[in-house]
Amino acid sequence: MSNNKEWPLWEVFLRSRAGLDHKHCGSLHAADGAMALQLARDVYTRRQEGVSIWVVRADHIHASDPTDKAALFDPMADKIYRHPTFYELPDEVDHM
Amino acid sequence: MNAPIAALNPAHVSYVLRIADGSLILAQRLSECCGHGPALEPDIALTNIALDLLGQARLLLSHAGALEGQGRDEDALAYWRDASQFHNPTLCELPNGDFAQICLRTFFYVAWQAQLWTALSASKDAALAAIAEKSSKETRYHCEHLAGWVVRLGDGTADSHARMQRALNYLLPYTNELCVDDDIDLAAAAAGIGPLPSSLNDAWTAQVQAVLAEATLSLPASTPFRSSGRRGQHSEAMDYVLAEMQSVARAHPGAQW
């Protein structure tokens with residue numbers, strides 16, 4: 001636990017254009033959400049990178065443990081039947 | 001603007017130059033903070049504001065130079081005038097002081113700009129109206145950002161409150177100058193070029209007092225003190241600002257980089 005004079009860390013997500021998803025672009029320190037949004041605007045959208053900003057306090061994110069990676073994800077490696085690659089698609093359907 | 005512009009009215013040039021000089025000198029003062037902010041993020045925020053103000057100054061100085069018609073461009077006007085030829089309000093040139101003072105001074109000025117840009121959108125000088133229109137979006141954000149700091153620090157810890165109150169006591173008398181009309185303003189207003197400073201006073205005061213109240217700051221008693229930067233009579237700080245801003249350009253005239 002950091003001492004309470006430190007500003008908490010916030011993760012910043014930007015939507016670069018209308019219709020696209022918000023993507024994680026970085027993090028910053030700020031005292032609260034309003035300040036985090038303003039500072040995100042100043043730090044991460046100086047070159048027109050975004051049209052919408054989300055900020056989330058980093059300690060509100062629950063993340064998977066990297067040491068669990070093998071248990072969580074390796075079992076999927078041999079289950080190719082979960083990929084919908086066995087269907088015959090009509091030519092009209094692009095980009096599935 | 002490609003159309004030939006002739007300033008029929010010498011007050012027109014002076015009126016635009018004053019606005020330009022306010023942006024330029026405050027930009028220079030804020031630039032001094034680059035790398036010295038209390039943390040990385042607000043440091044970038046202040047520097048962005050400095051760059052926005054510099055952008056305004058460039059457009060306004062170029063426009064003033066074109067109106068003047070003597071071949072002076074933005075660089076000639078920024079680097080080759082001496083203090084008495086600058087007409088920014090004294091508020092813009094004062095030393096930065098601590099972070100509270102930097103935020104409050106900048107808030108006072110950008111809040112005044114916000115009123116000015118709104119009124120200038122009706123200017124008969126189409127180029128000036130266009131610059132005001134572009135600048136008003138930037139200024140809206142500057143006001144929000146700096147008002148946020150004034151409130152956070154004023155309504156913050158005992159130390160931050162004391163510093164913001166001290167900044168207010170020091171700076172408020174310098175705002176008297178912002179809303180006083182002189183002959184240049186009267187001539188420019190009569191010609192439809194821009195508003196009288198006095199006409200911006202009520203809206204500026206309301207905006208500023210709302211923020212100061214939220215910041216739990218107490219207004220010092222009003223004073224008849226009036227600074228005179230807009231008339232070209234500056235505080236002692238002005239020569240130091242100009243020395244730093246102009247020395248490279250003057251040491252290497254015409255240099256390109």
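**Figure 1. Chain A at a glance, with two helices and three strands.** This is a predicted model, so read the views below with that in mind. Going from the N terminus, the elements of chain A come in the order β-β-α-β-α. What does the radius of gyration say about chain A? At 20 Å it sits well over the 12 Å that the globule rule gives for 96 residues, so chain A is more spread out than a compact globule. The C-alpha trace of chain A spans about 60 × 35 × 15 Å along its principal axes. Buried residues account for 16% of the 96 in this chain. Take the contacts in chain A between residues at least 6 apart in sequence: 44% of them join residues at least 24 apart.

**Figure 2. The open sheet of chain A, in the order S2-S1-S3.** Three strands make up this sheet, and the pairing is antiparallel. Which strands stand at the edges? They are S2 and S3 (52–57) of chain A; each has a single partner strand, so one side of each is left without a neighbour in the sheet. Direction ignored, neighbouring strands here are turned by 30° against each other on average. As background, strands of a sheet pair through backbone hydrogen bonds, either parallel or antiparallel.

**Figure 3. Zooming in on S1(A) and S2(A), an antiparallel pair.** S1 of chain A covers residues 9–15, and seven bridges link it to S2(A). For a spot to centre the view on, try A:Val12, which stands opposite A:Gly26 in S2(A). Where does H1(A) come in? H1(A) packs on the sheet and touches S1, S2 and S3 of chain A. The direction of H1(A) makes about 125° with that of S3(A).

**Figure 4. Where chain A meets chain B: nine residues from chain A and eight residues from chain B.** On the side of chain A that touches chain B, the elements giving two or more residues are strand S2 (22–29) and helix H1 (33–44) of chain A. Which element gives the largest share of that side? That would be H1(A), with five residues. By residue type, the chain A side divides into five nonpolar, two polar and two charged. So H1(A) turns up twice in these views: it packs on the sheet of chain A, and it contributes to the contact with chain B.

**Figure 5. Chain B, built from ten helices and zero strands.** Read along the sequence, the pattern is simply α-α-α-α-α-α-α-α-α-α. The radius of gyration of chain B is 18 Å, close to the 18 Å from the globule rule for 257 residues, so chain B is as compact as a globular protein of that length. Along its principal axes, the C-alpha trace of chain B spans about 55 × 40 × 30 Å. Of the 257 residues in chain B, 44% are buried. Among contacts in chain B between residues at least 6 apart in sequence, 78% join residues at least 24 apart.

**Figure 6. A close look at helix H2 of chain B, residues 40–68.** How does the span of H2(B) check out? With 29 residues at 1.5 Å a residue, this helix should span 42 Å, and its end C-alpha atoms are 41 Å apart, which agrees. Just after H2(B) comes B:Gly69, whose phi is positive, near 70°.

Definitions and conventions. Residues are numbered from 1 along each chain as its sequence is written. Chains are lettered from A and ligands numbered from 1 in the order in which they are written. This is a predicted model: local features need pLDDT of at least 70, side-chain atom pairs count only at pLDDT 80 or more; totals for chains, interfaces and linings use all residues. Two residues are in contact if their C-beta atoms, placed from the backbone, lie within 7 Å. Helices (H or I, at least four residues) and strands (E, at least two) are DSSP runs, numbered from the N terminus. Ala, Val, Leu, Ile, Met, Phe, Trp, Tyr, Cys and Pro count as nonpolar, Asp, Glu, Lys and Arg as charged, and the others, Gly among them, as polar. Two strands pair if DSSP finds at least two bridges between them. Axes are lines fitted to C-alpha atoms, for helices over the stretch in contact, and angles run from 0 to 180 degrees between N-to-C directions. The radius of gyration is taken over C-alpha atoms; the globule rule is 2.2 Å times the number of residues to the power 0.38. A residue is buried if 20 or more other C-beta atoms lie within 10 Å of its own, exposed if 12 or fewer, and partly exposed in between; C-beta atoms are placed from the backbone. The expected span of a helix is 1.5 Å times one less than its number of residues.
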